[in-house]
Amino acid sequence: NGKLFKGKGVGLCLRDIGPGEANIEVGLNGEGKVYILTTVTDTGAGAYTILRQVVAETLGANIENVEVISGNTDSFATDIALGGSRVTYLAGQAAASAALQLRRRITESAATRWRCAAEGIRIAGAVILGPRGNQLSLTDFAAKSAAEGISWKERGHFANRERKGTLSFFAQTAEVEIDPETGRLTLLKITAFNDVGTIINPLHHQGQVEGGVVQGLGFALVENLPDEHGKIVTANLGEYKIPAVGDIPRLDTVNIYDPEGLGPFHSKPIGENTGTP
């Protein structure tokens, strides 16, 4: 008779942060540019942007003045592997630690030069500012330091070797429509509720929410890896169905703020969580 059935569903989940340890070097090169040396790889989720933001905010520098250098196995004895929603948590904390040490060294050096207290000195963009109107560009500071044989680099280390019950909570609701004659299911709307701390980069954060929801949608409704006698028969991506634009419904996002996040600036993980409910 053409009647469609409608229904609503809800999914709940909680996730801990994956353990590991991270090492980051933050320094000032001879041209006054801030660099981050890391072996963390950016797989497209914005890890390098987040690390640049964390370092720039901690130092007081302009993010345009911060670059990322990709290290290798000679750079550090150990480092994290990507996964477990832990890159911002572990690498971000290591980056913040290194940047804080570097800021202290620079301000103490400027305080000695200007014969004043280091507490009254700050880095603002590309300039070091003193309490009595003193100022010195990072470019000139780096050049003078190089002439004196002084290098400016600090290493930050952060480790979490066991799961500590640092949980984040998530929920999703879905509204669906089903044709009982054909079995065709149409998603009408999904609402994602996220337990968040400080959102360091709102655009990247929302991208993680939407990407996780669509990936979860694919897992639940369209993706499949059939096998025959232990051999996968889906030979290529042309035969492996993933959600297309027409499969994606309206998505509403509700972020619920919790100030107790354990990441840098009290942030919380988001990467893998939204695909779970």
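## Buried, exposed or in between

A residue counts as buried under 20% relative accessible area, as exposed over 50%, and as partly exposed in between. Keep that scale in mind as you explore this structure, which is a predicted model.

Phe158 is a good place to try it: its relative accessible area is 23%, so it falls in the partly exposed range. Tyr89, at 7% relative accessibility, is buried instead.

## Two aromatic pairs

How many aromatic pairs does the structure hold? There are 2. In one of them, Tyr89 and Phe158 meet edge-to-face, with 5.4 Å from centre to centre and 85° between the planes. Tyr89 belongs to helix 2 and Phe158 to strand 8 (residues 152-160), so this pair ties together parts that lie 69 residues apart in sequence.

Now look at Phe141 and Trp152. Their ring centres are 5.1 Å apart and their planes sit at 40°, so this pair is tilted. Phe141 is in helix 3 (residues 138-147) and Trp152 is in strand 8, 11 residues apart, and the pair links distant parts of the chain. Both Phe141 and Trp152 are buried.

## A cysteine in a loop

Next, find Cys116 in the loop between helix 2 (87-114) and strand 5 (122-124). Is Cys116 buried or exposed? Its relative accessible area is 17%, so Cys116 is buried, being under the 20% cut-off.

Leaving aside residues up to four places away in sequence, Cys116 touches Ala111, Ile121, Pro131 and Arg132. For a longer view, turn to Gly230: Cys116 and Gly230 are 114 residues apart in sequence, and their C-alpha atoms are 73 Å apart in space.

Conventions
Residues are numbered from 1 along each chain as its sequence is written. This is a predicted model: local features need pLDDT of at least 70, side-chain atom pairs count only at pLDDT 80 or more; totals for chains, interfaces and linings use all residues. Side-chain values use heavy atoms; hydrogens and water are left out. Helices (H or I, at least four residues) and strands (E, at least two) are DSSP runs, numbered from the N terminus. Buried means under 20% relative accessible area, exposed over 50%, partly exposed in between (1.4 Å probe, protein chains only). Contact means heavy atoms within 4.5 Å. Rings of Phe, Tyr and Trp (its six-membered ring) pair if their centres lie within 6.5 Å; planes under 30 degrees apart count as stacked, over 60 as edge-to-face and the rest as tilted.
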